[in-house]
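Student: Could you take me through one part of this model in detail, and then show how that part sits within the whole?

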Amino acid sequence: MTELTSLTIAEARAKLAAKEIKAVELTQAYIQAIEAANPEINAYVAVTPEIALDMAKASDARIADGKAGVLEGIPLGVKDLFATKGVHTQACSHILDGFKPEYESTVTQNLWDAGAVMLGKLNMDEFAMGSSNESSYYGPVVNPWKATGSDEKLVPGGSSGGSAAAVAAHLCAGATATDTGGSIRQPAAFTGTVGIKPTYGRVSRWGVVAYASSLDQAGPIARDVRDAAILLKSMASVDAKDTTSVDLPVPDYEAALGQSLKGMKIGIPKEYRVEGMSDEIEKLWAQGIAWLKDAGAEIVDISLPHTKYALPAYYIVAPAEASSNLARYDGVRYGLRVDGKDIADMYEKTRAEGFGKEVKRRIMVGTYVLSAGYYDAYYLKAQKVRTLIKRDFETVFNAGVDAILAPITPSSAFAIGDKELAADPVKMYLQDVFTITLNMAGLPGISVPAGLDSKGLPLGLQVIGKPFDEETLFRTAHVIEQAAGTFTPAKWW
Amino acid sequence: MSVDLATVKRVARLARIAVSEEEAERMTGELNGILGFVEQLSEVDVTGIEPMTSVTPMAMKKRHDVVTDGDKADAIVANAPQTDRNFFMVPKVVE
């Protein structure tokens, strides 16, 4: 049975279509794998075996009738941030205790319409606020990767840590994830998986629990570039329910794979060579450049002068939007309620008990920067800096650059409970230094594994593209994957 | 700019989050750390720069001003901690 879970989506799709395997068998194999691994990895916060088997049976019937969808019978995991009707949806927060939506998010509906099977809900940082998955109410996720000769438990990154770990440990064929500041790409890099944050507006945000609405964007985490392309094709749509959803047809991303890079111009931003960057990241980056050159791309040095201001601007914009979005959790309409002596006391006690430390911290920062007298100095200033960050990219793209190659993380995965990072929130925020600029500018970025470091842990590279040019990202990432190979952790669970 | 303990308590009140004395003290340090970090934006000259209001150039979609939804009171209150005949129940607010 374990063999079935090692199939990629493309491989499983072919075997299902050829009737070599049944959707029910494939789903059962994953349910067994989850039962065995989840006590160790903690990737799932809710497993839905009955729903999964019902969906798989329906898939088998549709395949038999010749009515198979593009993801027919493919078992997927769903980040706990996506509303799934009647199923655990709590953004891994205590404040959403018991919440079971009466509706389905557009992204998950698109996947089920394509025939995919839901295995359950995946662990994440509370309300997607974090870079290590340690802020989840359901406890940290353990990275399926361990350093060579070490038994230390490592983080899978965050916030989509459950999604990345489940994909890496073969506990689902692919997963949905979201990225507000790097939450798809950084965990993908830490687990040797592929993650793409599409252009803002490409994927509907309807039914996705909001963190920072001008930055949030959903995308897939998958085992390889092809699987990521297959998943994004189904996740993306034009959606009347999301006013920021863009009216552009969704291309066939898979068709972009294998296309030549000849004539393409790849920019290398000098500002991403940050102080204290490890030699290994530096070497990996140089290797990536060499691979793209070998594939026929022209490499050009570029400058994105406002890069270093993306992180501080983010820590104004994101908390400000979060403080507004999270005002709805008041103990009245859904989730947790802690009684108080009057209504204000009830609100304050509910929110004090329901939110974790990091979420409270961000709500507080957001409330402060939006409070009377500070709006211009903080929020308005940050939004102006955002215009400059976006302009940097526009200048480079207008000069003929087709895509940008950059590192994705400052290091490989770190230990759960890392004292230095826990002691200083700003240090943890620096995890996102290479990823956050894209969210600020709304641009797409893909994280693709490019090698292992000296500790035997995966490292990734990031390809950044023009708005709505995800095809170029898949094409370029595929070249890197062809050269670097794919990476699977040794099973210890 | 930095915040003192009284400001942190005021902000917590605005954010409707109950904080103990101890938590407020810890948060004062953390908030000052974050505000100190974002302070570097003061180096950036933003004279004549428009604030970003949309990451992609697009006109916001509008819909016709008609009723498209409704008649689902049961679903709306289904997740509420306390309800009575499709009303959300809260502690008494007027005497």
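Tutor: Helix H10 of chain A covers residues 310-325, and because a rise of 1.5 Å a residue, multiplied by one less than the number of residues, should carry its 16 residues over 22 Å, the 21 Å between its end C-alpha atoms agrees with that expectation. Helices here are DSSP runs of H or I with at least four residues, strands are runs of E with at least two, and both are numbered from the N terminus. The model is a predicted one, in which local features need pLDDT of at least 70 and side-chain atom pairs count only at pLDDT 80 or more, whereas totals for chains, interfaces and linings use all residues. Residues are numbered from 1 along each chain as its sequence is written, while chains are lettered from A and ligands numbered from 1 in the order in which they are written.

H10(A) is mostly covered, with 14 of its 16 residues buried; a residue counts as buried if 20 or more other C-beta atoms, placed from the backbone, lie within 10 Å of its own, as exposed if 12 or fewer do, and as partly exposed in between. A nonpolar core is a set of buried Ala, Val, Leu, Ile, Met, Phe, Trp, Tyr and Cys residues joined through C-beta atoms within 7 Å, and in the largest such core, of 176 residues, those touching the most other members are A:Leu76, A:Val117, A:Ala166 and A:Ile316. H10(A) gives this core its largest share, 10 residues.

Leaving aside residues up to four places away in sequence, A:Val117 touches residues that include A:Ala23, A:Met55, A:Ile74 and A:Leu76, where contact requires C-beta atoms, placed from the backbone, to lie within 7 Å.

Around this helix, chain A holds 17 helices and 11 strands. Its radius of gyration, taken over C-alpha atoms and compared with a globule rule of 2.2 Å times the number of residues to the power 0.38, is 21 Å, close to the 23 Å given for 493 residues, so chain A is as compact as a globular protein of that length. Buried residues make up 62% of chain A, and of its contacts with a separation of 6 or more, 77% join residues 24 or more positions apart.

Chain B, by contrast, has a radius of gyration of 22 Å, where a compact globule of 95 residues would have one near 12 Å, and buried residues make up 16% of chain B.

Conventions. Two residues are in contact if their C-beta atoms, placed from the backbone, lie within 7 Å.
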